[in-house]
Amino acid sequence: MTLAGAHALAVAPAEWRWLGRVPFAETAALQERLREDVLAGRAPETLLLCEHDPVITLGRSARAEHVLAPLEDLARRGVAVHQASRGGDVTYHGPGQLVGYPILRLRGGLVSHLEAMARGLAALLAPFGIAAAWRRDAPGLWIDRGNGSPLAKICAFGVHVRHRVTIHGFALNVTTSLDAFDLIVPCGLRGAAVTSIAALAGVAPAVEALAPRAAAALGDAFGVSFASRDR
C-alpha cells in the first residue's frame, strides 16, 4: 500500500454498525481485530452496537464472590461467564440491553472518554423523561428516584485502552430483565439498585430501534460523525 493510500484509510469517516444479538466472545474478538486495524490504518474508527446472549462478564478487578450463583446453575439458565479485558468488576449483559463498543482514538484522557460516553447516553435518555447523572467514583449513569430510594444504575461502563485506542464501552438497560442482576453483585457494589428505561418510563423502544439514536448522540458527545454501515 502507498503512503497516500494508508493515509486515506487512516482518515476514513468513522462508522457505526448494528450487529444484532450476538455472543459476547464473538464481539470481544471483533473489537480486538478492529483495534489492530485502526492502529494500522486499515479501518476507520468504529462504534459497534448490539445485544448479547445472557452472559456475566468479569472485568480486570472482578472478585469471584461477586458471582452469586454456582456455575452449574448459570449453565442451566443459559447464562455464560466470560473474562473481559475491560476495567471494573462483574456485570451482566442480556436481551433488552443496548451494548456499545466504541473503537476510538482517545481525544483526551481516559476520564474524558468515559465522560463523553456518559454525556451522549444521558442525552439519549432525556427524551424519555429520564435524568441520568454520571458518577466518576462508581462509573455509570445513575438515577435519583426520590422518596428516599437509593440511586439506581441504568448504564454501566468499562473500557480497555492500548496505544490510545479504546475497546469495550457501555451497557444501557432498555427492557432488560432486572431480575438477572440478582445473579451478581453489580459492578461490585453491594446493595446497589439497577433500573431500565422500561422500568422508569413505562415503555421503551426495541433495542435495535434505539441504536441509530445512540450512534447520533454518542457522535455528538465524542465530536465524531458516525456513518451507518451494514454488518
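Here is a walk through this structure, from its open and enclosed spaces to a few individual residues. Keep in mind that the model is predicted.

Let's begin with the empty spaces. Rolling a probe the size of a water molecule over the atoms shows where empty space is left. The largest pocket holds about 390 Å³ of space. Its lining is made up of 29 residues, and the ones nearest the centre are Arg 86, Gly 87, Gly 88, Phe 157 and Gly 158. Several elements help build this lining: β5 (90–93), β6 (97–103), α4, β9 (152–162) and β10 (165–173) each put in at least two residues. The biggest giver is β9, with five residues. As for chemistry, the lining of the largest pocket splits into 16 nonpolar, nine polar and four charged residues.

There's also an enclosed space to look for. The structure has one cavity of 30 Å³ or more, and the largest cavity contains about 80 Å³ of space. Twelve residues line the largest cavity, with Thr 91, Lys 153, Ala 156, Asn 173 and Phe 181 nearest its centre. The elements giving two or more residues to that lining are β9 and β10. Once again β9 gives the most, this time four residues. The lining of the largest cavity is made of eight nonpolar residues, three polar ones and one charged one.

Thr 91 takes us to strand β5, where both faces are covered. In a regular strand the side chains alternate between the two faces of the sheet. In β5, Val 90 and Tyr 92 sit on one side, Thr 91 and His 93 sit on the other, and all of them are buried. This strand has a partner too: β3 (residues 55–58) pairs with β5 in the antiparallel sense, over four bridges. If you'd like one spot to find in that pairing, look for Leu 58, which stands opposite Val 90.

Now on to helix α4, which covers residues 110–125. How far should its 16 residues span, at 1.5 Å a residue? The expected span is 22 Å, and the end C-alpha atoms are 23 Å apart, so the two values agree. Its buried residues include His 113, Met 117, Gly 120 and Leu 125.

Stay with Leu 125 for a moment. With a relative accessible area of 0%, it counts as buried because the cut-off is under 20%. Beyond its neighbours within four places in sequence, Leu 125 is in contact with Ile 130, Ala 132, Leu 141, Ile 154, Leu 172 and Ile 197. Leu 125 and Val 174 are 49 residues apart in sequence, yet their C-alpha atoms are 9.9 Å apart in space.

Another buried residue is Thr 195, at 4% relative accessibility. You'll find Thr 195 in the loop between β11 (193–194) and α5 (197–201). Not counting residues up to four places away in sequence, Thr 195 touches Ile 143, Ala 152, Lys 153, Ile 154, Asn 173, Leu 178 and Leu 200.

Finally, visit Leu 39 in helix α2 (residues 24–40). Is Leu 39 buried or partly exposed? Its relative accessible area is 28%, so Leu 39 is partly exposed. Leaving aside neighbours within four places in sequence, Leu 39 is in contact with Arg 105, Arg 162, His 163 and Val 165. Leu 39 and Arg 164 are 125 residues apart in sequence, while 9.2 Å separates their C-alpha atoms in space.

Definitions and conventions:
Residues are numbered from 1 along each chain as its sequence is written. This is a predicted model: local features need pLDDT of at least 70, side-chain atom pairs count only at pLDDT 80 or more; totals for chains, interfaces and linings use all residues. Side-chain values use heavy atoms; hydrogens and water are left out. Buried means under 20% relative accessible area, exposed over 50%, partly exposed in between (1.4 Å probe, protein chains only). Contact means heavy atoms within 4.5 Å. The expected span of a helix is 1.5 Å times one less than its number of residues. On a 1 Å grid over the protein atoms alone, a cavity is a set of points where a 1.4 Å probe fits but cannot get out, and a pocket is an open set with protein on both sides within 12 Å along at least five of seven lines; lining residues have an atom within 4 Å of a point. Grid points are joined across faces, edges and corners, and a volume is the space filled by probe spheres set on the points. Ala, Val, Leu, Ile, Met, Phe, Trp, Tyr, Cys and Pro count as nonpolar, Asp, Glu, Lys and Arg as charged, and the others, Gly among them, as polar. Two strands pair if DSSP finds at least two bridges between them.
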